[in-house]
Number of protein chains: 2
Amino acid sequence: MPRALEFDYETSLDRATRLFWKSGYAGTSLRDLLKGMGIGESSFYNTHKSKKHAYLECLKHYNETVNRKRAEAFFIAPTAALGIRALFKTVLDCLDDPNTPSLVCLMAGSLTHEVLDEPELRQYVEERMTLLADAMIARMSADKQAGVLEEKLDPHLVVPVIITYLQGIWRMALVFYERSRFEGQIDVFLTGLGL
Amino acid sequence: MPRALEFDYETSLDRATRLFWKSGYAGTSLRDLLKGMGIGESSFYNTHKSKKHAYLECLKHYNETVNRKRAEAFFIAPTAALGIRALFKTVLDCLDDPNTPSLVCLMAGSLTHEVLDEPELRQYVEERMTLLADAMIARMSADKQAGVLEEKLDPHLVVPVIITYLQGIWRMALVFYERSRFEGQIDVFLTGLGL
DNA sequence: GACTAGTTGTAGCACCTGCTACAGAATGGA
DNA sequence: TCCATTCTGTAGCAGGTGCTACAACTAGTC
């Protein structure tokens, strides 16, 4: 091994993730990235095939850190219903956190032409969203069998509704955000669904 | 009047709108616009101060045509509840229409940093969204007074929930769209709210 | 100490971005 | 017919884009 990397890959990736998170894929130029990551073009292209691939790595990193915590909040809760409420709470906490780079989740922010038009990125986003949906569906089904959840509730129908609403929240927050209002609206939404 | 415009302003604006609608603000270059509109840079900058202002004009044009029909569907319906269902139907019809340039409403697609960071654009989007919300709230309040709508339903809480869900739909459609599934989900969502 | 394999900084490529300057063309009124 | 006024096409600017070529550097191996 003739020469070691002069920068820490993990921290540079974390910085890149925050940059993409803040301004989106197209809104973050390569120069912005390099400056934020603290490396030069050579180092960048030695570790990332292209800007697109770097973005994909950032998406993965984001899922393994930020979204992982959200998923945990869901799974730790004693019931699916409480888990979903916990999940929404993490979203509001994120919106409130002054440390958060942006009012859109990086994954939710990837639901745009510019990202979805790239097959590799699209595939990953689709994959991740189905993964989340399937996990929620499984959890709710288990609750139903255990008798904790109303029998008439169809997880295959309710879960997509929840995810859709979640996406809506990330968009609305960009325009109007006020915690108490959002809390009230989420409550109306979830109790309506019977959760 | 020394010389008349050689192109029709309205049709050129309509074409521009469809281009922005298809690929978003940043995704549509000035060259794309000119080509699609069938005019040269001189003509463009004689009628539009800048690309940003042209986008604003397109947003207005979109609201006066596409969104106007949606609003009409809402107001024509005998009750607010039916109006909201009619509104959702127009959205699904739009998603199904092969003539539709994109699976995101131009207004919903404007809920991005790139657009919202421009003060003039942001102001217009905010204004339009509050306008729609207020109209829906007023309609629901009237229905409540008339005894057509459940008393316990709070329009100021329910309407934002509906709009949030609407935004979510426009995002989810980019990833997974299937009419029958969406119909089922919308029904679960609205009946949950008591509509 | 030479060799080799890897990393780094610099300079620059070809292309695209929104936008402008300017000459030429077309039309009305005097 | 000349003028003024407006429109249009062309050419090009200054700056930004993602990316690459290349020389210099750094380390471990022989």
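**View 1. Ser42(A) reaches a base of DNA strand C.** In this predicted model, an N or O atom in the side chain of Ser42(A) sits 2.4 Å from a base oxygen of DNA strand C. That pair is a polar contact, meaning N or O atoms within 3.5 Å; within protein, one must be able to donate a hydrogen and the other to accept it, and residues adjacent in sequence count only if both atoms are side-chain atoms. Chain B joins in too: the side chain of Arg31(B) places an N or O atom 2.7 Å from a base nitrogen of DNA strand C. Tyr45(B) goes for the backbone instead, with a side-chain N or O atom 2.8 Å from a phosphate oxygen of DNA strand C.

**View 2. Here is the protein surface near DNA strand C.** Count 23 residues around this strand, the closest being Glu6(A), Ser42(A), Pro2(B), Leu30(B) and Glu41(B). "Near" means that a heavy atom of the residue lies within 4 Å. Sugar and phosphate make up 53% of the atoms of DNA strand C within 4 Å of the protein. H3(A) gives the largest share of this surface, 4 residues. Helices here are DSSP runs of H or I with at least four residues (strands are E runs of at least two), numbered from the N terminus. By class, the surface has 8 nonpolar, 7 polar and 8 charged residues. Ala, Val, Leu, Ile, Met, Phe, Trp, Tyr, Cys and Pro count as nonpolar, Asp, Glu, Lys and Arg as charged, and the others, Gly among them, as polar.

**View 3. Now look at DNA strand D and its surroundings.** This strand is surrounded by 23 residues, with Pro2(A), Leu30(A), Pro2(B), Glu6(B) and Ser42(B) the closest. Sugar or phosphate supplies 56% of its atoms within 4 Å of the protein, and bases supply the rest. Arg31(A) has a side-chain N or O atom 2.7 Å from a base nitrogen of DNA strand D, while for Arg31(B) the partner is a base oxygen at 3.3 Å. Ser29(A) pairs with a phosphate oxygen of the strand, also through its side chain, at 3.3 Å. The largest share of the surface, 4 residues, comes from H3(B).

**View 4. H5(A) packs against H9(A).** Helix H5 (residues 80–96) and helix H9 (residues 155–175) of chain A meet at about 15°, their axes 12 Å apart. Axes are lines fitted to C-alpha atoms, for helices over the stretch in contact, and angles run from 0 to 180 degrees between N-to-C directions. So the two helices, H5(A) and H9(A), are roughly parallel; angles under 35 degrees count as that, over 145 as roughly antiparallel, 65 to 115 as roughly perpendicular and the rest as oblique. Among the residues that meet are Phe88(A) from H5(A) and Trp170(A) from H9(A), where contact means heavy atoms within 4.5 Å. The contact has 12 nonpolar residues, with no polar and no charged ones.

**View 5. H4(A) packs against H5(A).** Helix H4 (residues 51–76) of chain A meets H5(A) at about 150°, with 7 Å between the axes. Therefore H4(A) runs roughly antiparallel to H5(A). H4(A) brings Arg70(A), Ala73(A) and Phe74(A) to the contact, and residues from H5(A) include Gly83(A) and Thr90(A). The contact residues comprise 8 nonpolar, 2 polar and 1 charged.

**Notes.** Residues are numbered from 1 along each chain as its sequence is written, with chains lettered from A and ligands numbered from 1 in the order in which they are written. In this predicted model, local features need pLDDT of at least 70 and side-chain atom pairs count only at pLDDT 80 or more, while totals for chains, interfaces and linings use all residues; side-chain values use heavy atoms, leaving out hydrogens and water.
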